[in-house]
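Here is my note on the model, in numbered points. Please read it with the structure open.

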Amino acid sequence: PVSSADKLSIVHLKRDLQIPTILKEHDEDDEGYTEGKVVNTRFGSFPHTTLIGLPWGSQVRASKVDTGSRGRRVKGQDKKRKREESVPEGPNKTPKLEDDEADASTPTTTKEESEVVAASSGFIHLLPPTPENWTSSLPHRTQVVYTPDYSYILHRIRARPGTQIIEAGAGSGSFTHASARAAFSGYPGSEGTNGSATKKRKLGKVWSFEFHEQRHEKLQKEIQDHGLEGIVQITHRDVCEGGFLVDGQSPGAESIFLDLPAPWLALPHLSRSRPPKSACGSNPASPTDDTTPFISPLNPTTPVHICTFSPCIEQVQRTISVLRKLGWVDIQMVELSQKRFEIRRERIGIANGTERGLQLTPASVDEALARLMEVEGTFKAFHENGEKVESNKKDKVNPNNREKIMESLVERKVYKEGRLVHRTEPEVKTHTSYLVFAILPIEWSEEDERKAREKWEVEM
Ligand code: SAM
């Protein structure tokens, strides 16, 4: 589970700031430099050569020198530095490299370079590409489906390893990446983190459609760059017009996700057999012409699960109306709303109690002290009173000093220092879209009818 050249990595600066980067040994645009490309961030500069080959999760210190002037270092030296600069992520782990520790491979820095050093003392974490990381760092070309929505949607449409998924429109590819992982049982770049790469994979596929030419091209390029070819097949098409067959063949879909402005216009194409005109709503391009053979894009042997994603309730109403006419069942609409739990400090209450004339008991002093220690991790008040205090908060306080301690606590307004409590934030409106779910059962065939009849006759 390490990063490698020509593969996507996520340079994680902080929770809401991540830079997706394809790591390069050399910068093709910059002949003669062995340094390769550099990620320049507000936390400093990170040459790609120092990031290649590191375990995922490594914490990496910013380059100590001006990357422009260290461009002619040889590769072996970079490797040495790379080992020194990286440490696996984890509690209490700090990089081994001391800031002032001289790296033999680093050229002597000039005054200007030293200034760069001072400004570049930050670090990043190098993360593997996952759909979640990609969603929070991808270049937005459209509104995207975020992780809370797509995890729920993928679960409800039964996407799992081996599933054939239809997705339209692809937009910025956020849902595309998430569904690729769900269908493929593993994800390029995640090899080793869950062992999936070494196990036998069940191959599903994402059949993706996008009618906007540039968006289609950009996503096609990302799919190649991210090693998702063969897992995602993207077709440039208006699905309301042209439906979901690819090169005249059926994707055999079992799960469908439509993120379109008018999903009801695409639904007639997602039938098991030619749909009646009366069920096709207002779409003039519905596949109702019976001079051409109708090929269903669906798997005939399994129920098909669909989700449509629409911001307005009017879109939901039109979608549901057409779903009903086309024989979809178990139709439901869901709106996801998130709740944040907030952790804050709350006043201790000891001084409040005093203000209200309440009796302070020895136990309440002990309790207040214990909380104070939690807050500060030290017993400064005791030291100010000339007391030596053990750092174990369970230790009992000398009863003779309670008076003094209580006074000092009240004086210091410890109630302002507080204790930790958690509560939910007032309802935050996070409406993204309404999700409509439905199931298209397997069609009852002549063969089913014959078998059922035979069974019934035997039983009678
Ligand atoms: N789900 C995407 C994501 O997570 O990044 C975002 C989809 S974006 C909101 C909707 C996309 O549907 C747009 O890129 C648009 O070009 C495409 N689209 C709209 N109508 C379409 C149609 N009839 N056929 C194919 N694509 C269509």
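1. Start with lysine 14. Leaving aside neighbours within four places in sequence, lysine 14 is in contact with Arg42 and Phe43. Its place is in strand β1, residues 8–14. At 35% relative accessibility, lysine 14 counts as partly exposed. The C-alpha atoms of lysine 14 and isoleucine 124 are separated by 7.9 Å, although their positions lie 110 residues apart along the chain by the count of places apart.

2. Overall picture. This is a predicted model. The chain has 460 residues, and 44% of them count as buried. It holds 14 helices and 16 strands. Take the contacts between residues at least 6 apart in sequence: 72% of them join residues at least 24 apart.

3. The main core. How many residues does the largest nonpolar core have? It has 31. Those with the most contacts inside it are Phe244, Ile256, Leu258, Leu270, Ile306 and Trp328. Helices and strands both contribute: α7 (239–242), α8 (263–266) and α9 (313–325) each supply at least two residues, and so do β8 (164–168), β9 (205–210), β11 (255–258), β12 (304–310) and β16 (434–440). In soluble globular proteins, nonpolar side chains tend to be buried together.

4. Tryptophan 328. Residues up to four places away in sequence are not counted here. Tryptophan 328 touches Ile256, Leu270, Val304, Ile306, Leu323, Ala438, Ile439 and Leu440. Another core lies apart from the largest one. It has 17 residues, among them Ala178, Phe257, Cys307 and Leu435.

5. Helix pair α4 and α5. Helix α4 covers residues 147–156 and helix α5 covers residues 174–184. Their axes come within 10 Å and cross at roughly 45°. Angles from 35 to 65 degrees fall outside the parallel and perpendicular classes, and α4 and α5 are therefore oblique to each other. The crossing is right-handed.

6. What meets what. From α4 come Tyr150, Ile153 and Leu154. From α5 come Ser174, Phe175, Ala178, Ser179 and Ala182. By class, the contact has 6 nonpolar, 2 polar and no charged residues. An α-helix has 3.6 residues a turn, so residues three or four places apart point the same way. That is worth keeping in mind when viewing the α5 set, which includes Ser174, Ala178 and Ala182.

7. Burial of α5. Is this helix enclosed or open to its surroundings? 10 of the 11 residues of α5 are buried, so it is largely enclosed by the rest of the structure. The buried ones are Ser174, Phe175, Thr176, His177, Ala178, Ser179, Ala180, Ala182, Ala183 and Phe184.

8. Alanine 178. This residue sits in helix α5. At 2% relative accessibility, alanine 178 counts as buried, because the cut-off is under 20%. Beyond four places in sequence, alanine 178 touches Pro131, Tyr150 and Leu154. Alanine 178 and valine 145 are 33 residues apart in sequence and 9.8 Å apart in space, C-alpha to C-alpha.

9. The loop between β8 and α5. Glycine 169 is found here. A cis peptide bond joins alanine 168 and glycine 169, with omega about -15°. Please look at this bond, as most peptide bonds are trans.

10. Glycine 173, also in the loop between β8 and α5. Buried or exposed? Glycine 173 is buried, with a relative accessible area of 0%. Leaving aside neighbours within four places in sequence, glycine 173 is in contact with Trp134, Arg141 and Leu219. Glycine 173 and leucine 219 are 46 residues apart in sequence, yet 6.4 Å apart in space, C-alpha to C-alpha.

11. Positive phi. Most residues other than glycine have a negative phi. Arginine 158 has a positive phi of about 60°. Its place is in the loop between α4 and β8. At 41% relative accessibility, arginine 158 counts as partly exposed. Aspartate 247 has a positive phi of about 55°. Aspartate 247 is found in the loop between α7 and β11. With a relative accessible area of 70%, aspartate 247 is exposed.

Key: Residues numbered from 1 in each chain as written. Predicted model: local features only at pLDDT ≥ 70, side-chain atom pairs only at ≥ 80, totals over all residues. Heavy atoms only, no water. Axes fitted to C-alpha atoms, helices over the stretch in contact; angles between N-to-C directions. Helix = DSSP H or I, 4+ residues; strand = E, 2+ residues; numbered from the N terminus. Parallel < 35°, antiparallel > 145°, perpendicular 65-115°, else oblique. Left-handed = near helix turned anticlockwise from the far one by under 90°. Contact = heavy atoms within 4.5 Å. Nonpolar A, V, L, I, M, F, W, Y, C, P; charged D, E, K, R; others polar. Core = buried A, V, L, I, M, F, W, Y, C linked by side-chain atoms within 4.5 Å. Buried < 20%, exposed > 50% of the residue type's maximum accessible area, 1.4 Å probe, protein only.
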